[in-house]
Amino acid sequence: MSALPGYCRRTAGCFILAASMAVAQARADTVRINLDEAQIFPLPDRVATIVIGNPLIADATLQNGGILVVTGKGYGATNLMALDRAGRVLMETTVQVIGPGTKDLVVVYRGVQQESYSCAPTCQRRITLGDSVDYFNSTMGQTSTRSGQAQTTSPPR
């Protein structure tokens with residue numbers, strides 16, 4: 001409240017003004033997260049509920065000790081709010097999910113069809129939002145088959 005004028009230090013209206021200034025400042029903050037990556041954030045005390053405006057863009061998980069894990073799920077921006085048990089907003093921020101953060105990502109275009117590869121040091125398939133349906137499904141199918149075989153194969157004796 002030190003940013004408030006000297007005549008406005010102890011009245012109820014000034015406390016409301018200070019609280020609204022804090023919420024406005026929190027709204028102006030933007031958190032940038034890469035697609036398919038997670039970041040950890042400390043939360044204010046007394047957080048009971050986390051709200052994500054669009055769960056297709058980001059996901060958030062509240063952990064013990066006032067820790068929040070936010071994961072980028074899709075391109076775009078959404079809001080994130082932290083509420084106390086009474087439903088009061090303790091924090092509000094914008095979460096912006098941007099493209100993959102790896103420098104080894106190579107995107108190949110075959111007309112309008114897109115394929116993504118991770119090239120470090122050799123290129124391997126990597127699915128990313130925007131890849132063509134056939135490429136995406138083929139890569140997911142191979143991954144699922146491989147994972148299924150790894151779970152059912154008995155270890156050597």
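Q: What handedness does the link of Cys119 and Cys123 have in this predicted model?
A: The model is predicted. The torsion about the S-S bond is 110°. With that angle, the link of Cys119 and Cys123 is right-handed.

Q: How many disulfides does the model contain, and which residues are involved?
A: A disulfide needs two cysteine sulfur atoms within 2.5 Å. The sulfur atoms of Cys119 and Cys123 lie 1.9 Å apart. The count comes to 1 disulfide, formed by Cys119 and Cys123.

Q: Is Cys119 buried or exposed?
A: Buried means under 20% relative accessible area. Cys119 has 17%, so Cys119 is buried.

Q: Which accessibility class does Cys123 fall into?
A: The partly exposed class spans the range between under 20% and over 50%. Cys123 has a relative accessibility of 48%, so the class is partly exposed.

Q: What is the strand order of the open sheet of 3 strands?
A: The pairing in this open sheet is antiparallel. Its 3 strands follow the order E8-E9-E10.

Q: Why is one side of strand E8 and of strand E10 left without a neighbour in the sheet?
A: Strand E8 covers 105–110 and strand E10 covers 123–125. Each has a single partner strand, so one side of each has no neighbour in the sheet. The reason is their place: both stand at the edges.

Q: By what angle are neighbouring strands of the sheet E8-E9-E10 turned against each other on average?
A: The sheet has antiparallel pairing. Direction is ignored in this angle. The average turn between neighbouring strands is 40°.

Q: How many bridges join E8 to E9, and which residue in E9 stands opposite Val106?
A: Strand E9 takes in residues 113–119 and runs antiparallel to E8. The two strands are joined by 6 bridges. Opposite Val106 stands Tyr117.

Q: Where does Thr139 lie, and is Thr139 buried or exposed?
A: Helix H2 spans residues 133–152 and includes Thr139. The cut-off for buried is under 20% relative accessible area. At 8%, Thr139 is buried.

Q: Which residues is Thr139 in contact with, leaving aside neighbours within four places in sequence?
A: Contact requires heavy atoms within 4.5 Å. Beyond the sequence neighbours set aside, Thr139 touches Arg125 and Ile127.

Q: How many helices and strands does the protein chain have, and in what order do they run?
A: The chain holds 2 helices and 10 strands. From the N terminus, the order is α-β-β-β-β-β-β-β-β-β-β-α.

Note on methods
Residues numbered from 1 in each chain as written. Predicted model: local features only at pLDDT ≥ 70, side-chain atom pairs only at ≥ 80, totals over all residues. Heavy atoms only, no water. Helix = DSSP H or I, 4+ residues; strand = E, 2+ residues; numbered from the N terminus. Pairing = 2+ DSSP bridges. Axes fitted to C-alpha atoms, helices over the stretch in contact; angles between N-to-C directions. Buried < 20%, exposed > 50% of the residue type's maximum accessible area, 1.4 Å probe, protein only.
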